[in-house]
Every structure is written in C-alpha cells, then in structure tokens.
Amino acid sequence: MLVAQTPVAQTPAAAQKKAPVQKTALATNFKESGSPSAPITIELYTDYECPACREFYMSSLPLLINDFVHTGKVHLIHRDYPLPQHQFTKLATRYANAAGLIGKYDLVAKQIFESQPEWDQNGNIDAEVAKVLSASDMEKVRTLVKTDSALDDSVTKDQAMGVQDRLNQTPTIVIVYKGKRETIGGGMPYTILKSYLDRKLEQ
Amino acid sequence: MKRGLLIAGRVILAVIFLYAAYAKLREPWLQFAISIDSFKLVPENYLEILARTLPWCELALGIALLSGIAVRWFGLIAALLLATFFGAAVRAYAMGLTPDCGCFGAGSGDMLGPKWFAEHGAMVLLALAVSFGGFVSSRSARPAPEVTPADGRLPNPGPA
C-alpha cells in the first residue's frame, strides 16, 4: 500500500544539479501512497486508539486504496492526530512511525489498528508489533522508539495541519481537489465516500 | 396579541430552518450523509439522496414560513419533519448511540442528550403551535357564509 522510501542524503552539489521541484508535487514518504499527480488528494487523520479510526482503517481504507489509489485517482496521505484523551496513542504512533523508517509502516500500522482492543487495555503495543516483525526489525523499531527524538516531528506537523483544517474528531478526511480543501469528519460507509469521489472526478 | 405571537413564532421557525439549511449547504453533502448515517436508521443507498435533498427542503420550508403563505400547512409540515428527527433521535439514544445530528452543520456540538432533546422538543412544540395558530387564524379570517333559505323565501322579518 504505502511506499516506504528512506530519505536519501544529498551532497550540496547534487542538490544544486537537481531540477526545481514543482510546488504541487509533494514529497513521497512512508505515509503517502499513490501518484502525487492524482486529481484528488485525501489526507486521512487518524488516532491509533480511536475505535472509529480502526473501523475506517479496516473496512473503508482497503477499498479506497484498491478503487482509487491503485488506479491513480487518489493520492493518499496518512496524518497522525493523537487525541489527548487517549493514554497510549502517542506511543502507538511512535511505533508506527519507527516502523515506517525501516520500511514496515503499512504492516505495523495495520497491526496496531487490528490489535487495538488488546493494547488499549494494557498499553503493551510492543508485544502486538512484535507479532508481525522479525526479531531484527523489532529491535530496530524498539531502538528508534526509545532514542529517536525526531520521531514525533511529523506528528507535530500533522497536528498543526489538523488545527488549520479545523479538525474536531477522528477519523477526518481532507479532500483536496482543484486546490480546494474540504474537511469531512467522522467515520463513513465506503459506499458514500466512493459515490462522492466518483462525482468529484466526473466534474 | 395572538396575531403578533403567531408572526413571531413563524419567523423564529423560519430562521431555524433557514439556518439549518445554510449550515448544511455550505458543507460537502458527504458530511451530512455521515451525520445521517450515524443514526443507523437510513439504508446506505438512500444516504446520498437524503443528504443532497433535505437541506434544500429545509431551505424551501424556511422561505415558505417566512412568506406567511399557508402557514397552517407549512407549520404542519415543519412539525412533522421535526417530529421525525426527534423520533429518530429518541431511537438512537435508546440504542445507546451518540450520533452527531448535524442539524446545524458538522461540529456544531449537536450531540444527543437532555439539552438536545429539550431544544428540539421545544422546536416541535413551536412548529405545532404555529400550525395550530395558522388554522385558528385562517378560520377566524374566513367570511361568515350567507344564509339562504332552502325554499327560496326571504327570511321572516318578524311581526310588522
């Protein structure tokens, strides 16, 4: 689903040679999937401890990816929006983003959402993540979760975006089409989301 | 006095419907569809049509109430519409759901609870009162029917 790309360090000379990047082309990272030139961009704000986000992630998202992302119609960006009332969500977000840095974001994000009812009780996210990663990968993730001080930087940026988008709940999707941002909050049946996106693409 | 109350009630009701319509129409219809879906009452295949048409119906109803034409009937339609919303909310509440009613747009804090039921119950009563007032007003405004004897004779003027 989401393509993991490790940031490549560039020398100053290489950076100078590089052609200027168009403003509309967003940098691809492990939280993005689909073509950046797709007509619609969907920014999906979720909280790993939110049951409605879990429901959306497990029921609607796979269909959205299959019908719109894989067909080049939608560029999907996952944004983290940990809610203050959730005790373990920040830790869960760190695990997912740490996994992203080693190219396992999709696998771990899926596992964190799927096992939400388990770790929501005791906060043992580590045990749930360990079920889907190899021992060596798990060790890398643990190290990153414990030591990487920059791991929350993208979360801080996502939250700032969320404030700009006037989020008041999760999940929330922001549909960006022809430069216009539409913030739509709440879990939804996939059928109406599909219908909405189809009509947008027909315009 | 009664006439003034009827006008005030009608205008308040009209403003409620106009604001509800405006709040929904300025948002993508998908947002209102999500609100409707949160009541778990309407089948998925009807969500879109309902989300796209209901705000326009509210707008039309608001304009009709503001115009003062056929107040009794538009008041009755408003009462039925509000009572339907109220009934759906009672059902959702009884089922333990906590839908965002989306009555005045998303994020307006319209979560079901005692305050919501008090406010919306008052709206139903207001609409019923406007409709009732409209019926009473139209009856009293109607001219008295002329009395014509069935046998064609003039009424007896009484003893000369």
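Which helix of chain A holds D198(A)? I looked there first and found D198(A) in helix α9 of chain A. The model is predicted, so I checked confidence before going further.

**Confidence**

I read the global scores as ipTM 0.76 and pTM 0.79. Chain A has a mean pLDDT of 87, with 86% of its residues at 70 or more. For chain B I noted a mean of 87, and 86% of residues at 70 or more. Within chain B, helix α3 (residues 44-67) has the highest confidence, at 96. Helix α5 (residues 114-141) of chain B has the lowest, at a mean of 91. I marked residues 1-28 of chain A with a caution, since pLDDT stays under 50 there. The model still has 23 contacts beyond four places in sequence for that stretch.

**Layout of chain A**

I counted 9 helices and 5 strands in chain A. From the N terminus, I wrote the order down as α-β-β-α-β-α-α-α-α-α-α-β-β-α. Of the 203 residues in chain A, 38% are buried. Next I looked at contacts in chain A with a separation of 6 or more: 73% of them join residues 24 or more positions apart.

**The sheet**

In what order do the strands of the sheet lie? I traced β1-β3-β2-β4-β5 in chain A, an open sheet of 5 strands with mixed pairing. Its edges are β1 (32-33) and β5 of chain A, each pairing on one side only. Helix α2 of chain A packs on the sheet and touches β1, β2 and β3 (74-80) of chain A. Its direction makes about 155° with that of β3(A).

I then went through the pairs. Strand β2 (residues 40-46) of chain A runs antiparallel to β4 (residues 172-177) of chain A, over 6 bridges. In that pair L44(A) stands opposite I173(A). E43(A) has V174(A) in β4(A) as its bridge partner. On to β4(A) and β5(A): they pair in the antiparallel sense over 6 bridges. There I175(A) stands opposite E182(A) of β5(A). The hairpin of β4(A) and β5(A) has 2 residues between the strands. I found K178(A) in this hairpin with a positive phi near 50°.

**Backbone oddities**

Most residues other than glycine have a negative phi, and most peptide bonds are trans. I therefore listed the exceptions, bearing in mind that most peptide bonds are trans.

Which residues does a cis peptide bond join? It joins T170(A) and P171(A), with omega about -5°. P171(A) is in the loop between α8 (153-164) and β4 of chain A. The loop between α8 and β4 of chain A also holds R166(A). Phi of R166(A) is positive, near 55°. Is R166(A) buried or exposed? R166(A) is exposed, because it has 12 other C-beta atoms within 10 Å.

In chain B I picked out A70(B), with a positive phi of about 45° although it is not a glycine. A70(B) is found in the loop between α3 and α4 (71-94) of chain B. A70(B) counts as partly exposed because it has 14 C-beta neighbours inside 10 Å.

**The cores**

I moved to the largest nonpolar core, which has 51 residues. The members touching the most others are Y95(A), A96(A), V108(A), I112(A), L30(B) and A33(B). Helix α2 (residues 51-69) of chain A gives the most to this core, with 7 residues. I checked V108(A) beyond its neighbours within four places in sequence. V108(A) is in contact with Y95(A), A96(A), A99(A), V129(A), V132(A) and L133(A). Another core, of 21 residues, lies apart from the largest one. Among its residues are L13(B), I16(B), F17(B) and L61(B).

**The contact between the chains**

How many residues does each chain give to the contact? I got 12 residues from chain A and 13 residues from chain B. On the chain A side, β5 (180-185) and α9 (190-202) are the elements that give two or more residues. α9(A) gives the most, with 5 residues. By class, I find 6 nonpolar, 5 polar and 1 charged residues on the chain A side.

**Back to D198(A)**

I closed on the residue I began with. D198(A) counts as exposed, because it has 12 C-beta neighbours inside 10 Å. K73(A) is 125 residues from D198(A) in sequence. In space, the two are 9.6 Å apart, C-alpha to C-alpha.

Technical notes: Residues are numbered from 1 along each chain as its sequence is written. Chains are lettered from A and ligands numbered from 1 in the order in which they are written. This is a predicted model: local features need pLDDT of at least 70, side-chain atom pairs count only at pLDDT 80 or more; totals for chains, interfaces and linings use all residues. Two residues are in contact if their C-beta atoms, placed from the backbone, lie within 7 Å. Helices (H or I, at least four residues) and strands (E, at least two) are DSSP runs, numbered from the N terminus. Ala, Val, Leu, Ile, Met, Phe, Trp, Tyr, Cys and Pro count as nonpolar, Asp, Glu, Lys and Arg as charged, and the others, Gly among them, as polar. A nonpolar core is a set of buried Ala, Val, Leu, Ile, Met, Phe, Trp, Tyr and Cys residues joined through C-beta atoms within 7 Å. A residue is buried if 20 or more other C-beta atoms lie within 10 Å of its own, exposed if 12 or fewer, and partly exposed in between; C-beta atoms are placed from the backbone. pLDDT is the predictor's confidence in each residue, from 0 to 100. Two strands pair if DSSP finds at least two bridges between them. Axes are lines fitted to C-alpha atoms, for helices over the stretch in contact, and angles run from 0 to 180 degrees between N-to-C directions.
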